[in-house]
Amino acid sequence: MTFSFLHCADIHLGRPFSNITGNTNICNKAVEQAFNNLIDFAIVKNVDFVFIAGDTFDSEEQDFESKIILKEGLKKLDNANIKVYLICGNHDPLSSYNKTTFNFDENSNIKIIGLNSDLYSDFILENKNNEKVAILHALSFKENYLKENPTKYFTPAQDLFDIGLLHCDLDGSKDSPYAPCAKSDLEKLKYNYWALGHIHIPNDYYSGTIQGRNTKETGEHGVKYVKVENGVIAKNTFVALDVIRFEDLNIDLSNALEITSALTIIQENIEELKIENCELAYLRLNLTGLVDFYNEINEEFFTVLKDKLHNNFNNKINISQINNNTFSKIDDEALRADDGISGALYKVINNNENIDKTFDNAEKELKHLLKDCNFSDEEYEMFKAEIKIKTKEKCKNLCSLVYESHKD
């Protein structure tokens with residue numbers, strides 16, 4: 001027996017974008033388009049179920065357009081014989097869904113937990129061949145907070161494939177108002193799959209939001225597509241559906257021989273992001289490395305870079321910020337011969353005894369913090385070695401920078 005489903009969450013219909021400028025037409029429609037991408041993908045893959053793990057709306061009081069977007073999308077899934085189970089989260093508690101607007105027939109494929117059932121409910125799931133393939137355990141927020149551990153409501157695993165549908169703060173503070181619980185609480189129930197909502201970045205438990213709204217929500221956003229064969233997960237794939245992408249990109253220019261090859265390296269790094277299915281990407285670039293052309297990385301270079309990327313990526317790239325953390329390439333011979341402050345610092349840095357002494361002094365001051373890190377002896381020695389190497393590198397970079405700025 002086989003079945004498939006989509007796990008999605010945190011759609012936040014009605015939430016505006018923040019910390020970005022321009023491209024208002026794309027931004028205004030991005031969330032709706034990402035949601036429609038979800039609906040279309042579910043229909044194309046002909047999944048048996050769609051599980052929506054809370055915060056479908058951004059607010060308990062939604063605008064009319066958001067209600068229409070959701071209802072029309074759910075109707076499409078209903079007409080395609082795809083069963084939908086939607087739980088309420090802290091942004092869209094049960095009062096967000098009135099029966100007048102979301103008046104799906106009790107025999108339809110759409111179930112809003114709490115509206116069409118009890119706040120906590122178990123459902124026997126049948127695939128499109130009418131085979132009993134799974135049990136869904138689902139809990140909705142009645143209010144916009146749930147301060148108790150939600151797993152107390154969930155029944156233990158049964159004989160079929162068990163799925164938990166929950167909006168919660170996993171491994172968050174015990175005082176969290178958003179259904180705090182631990183991974184160990186979930187593991188005790190022995191479910192085969194947990195479909196969680198609340199965290200916007202996808203991971204093992206969370207599908208994340210389907211569309212990032214600001215520069216903090218970086219990377220791909222979308223849904224999880226899961227296929228189960230004979231009670232075992234055969235496929236668990238993340239599928240990007242976002243329309244606008246935010247990325248923080250660290251680019252090492254150490255291998256660039258001159259300034260024009262730096263442009264090529266930056267473009268190649270952006271090409272690896274796989275943003276071809278997005279309409280727009282906001283990028284923050286962090287340029288690093290030791291280069292011979294340090295003085296040429298200036299405002300003129302940034303202007304040329306932005307224009308080049310804008311044209312080469314068909315106006316899909318918006319460079320929101322560039323951080324220049326490059327350093328002039330170290331000339332060891334010149335620094336050793338220098339009789340000024342750069343040379344003096346360089347000689348001190350290259351003395352491993354001085355680095356060891358500096359670390360030992362810092363270690364005494366931070367002993368209580370290091371103890372909390374619970375390093376093994378081997379891990380601590382690796383940590384110590386890494387700190388010393390990085391300290392030496394950064395100091396060398398500083399010496400090189402000071403030397404370059406004063407040598408003329």
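Helix axes are lines fitted to C-alpha atoms over the stretch in contact, and angles run from 0 to 180 degrees between N-to-C directions. The model is predicted: local features need pLDDT of at least 70, side-chain atom pairs count only at pLDDT 80 or more, and totals for chains, interfaces and linings use all residues. Residues are numbered from 1 along each chain as its sequence is written, and side-chain values use heavy atoms, without hydrogens and water.

Helices are DSSP runs (H or I, at least four residues) numbered from the N terminus. Helices α4 (residues 259–271) and α5 (residues 299–312) pack with their axes 11 Å apart, at an angle of about 45°. α4 is therefore oblique to α5 (neither under 35, over 145, nor 65 to 115 degrees). In this contact (heavy atoms within 4.5 Å), the residues that meet are tabulated below.

| Helix | Residues in the contact |
|---|---|
| α4 | Ile-259, Ala-262, Leu-263, Ile-266, Gln-267, Ile-270 |
| α5 | Phe-301, Val-304, Leu-305, Lys-308, Leu-309, Asn-312 |

These residues divide into 9 nonpolar, 2 polar and 1 charged; Asp, Glu, Lys and Arg count as charged, Ala, Val, Leu, Ile, Met, Phe, Trp, Tyr, Cys and Pro as nonpolar, and the others, Gly among them, as polar.

How values were computed. Helices (H or I, at least four residues) and strands (E, at least two) are DSSP runs, numbered from the N terminus.
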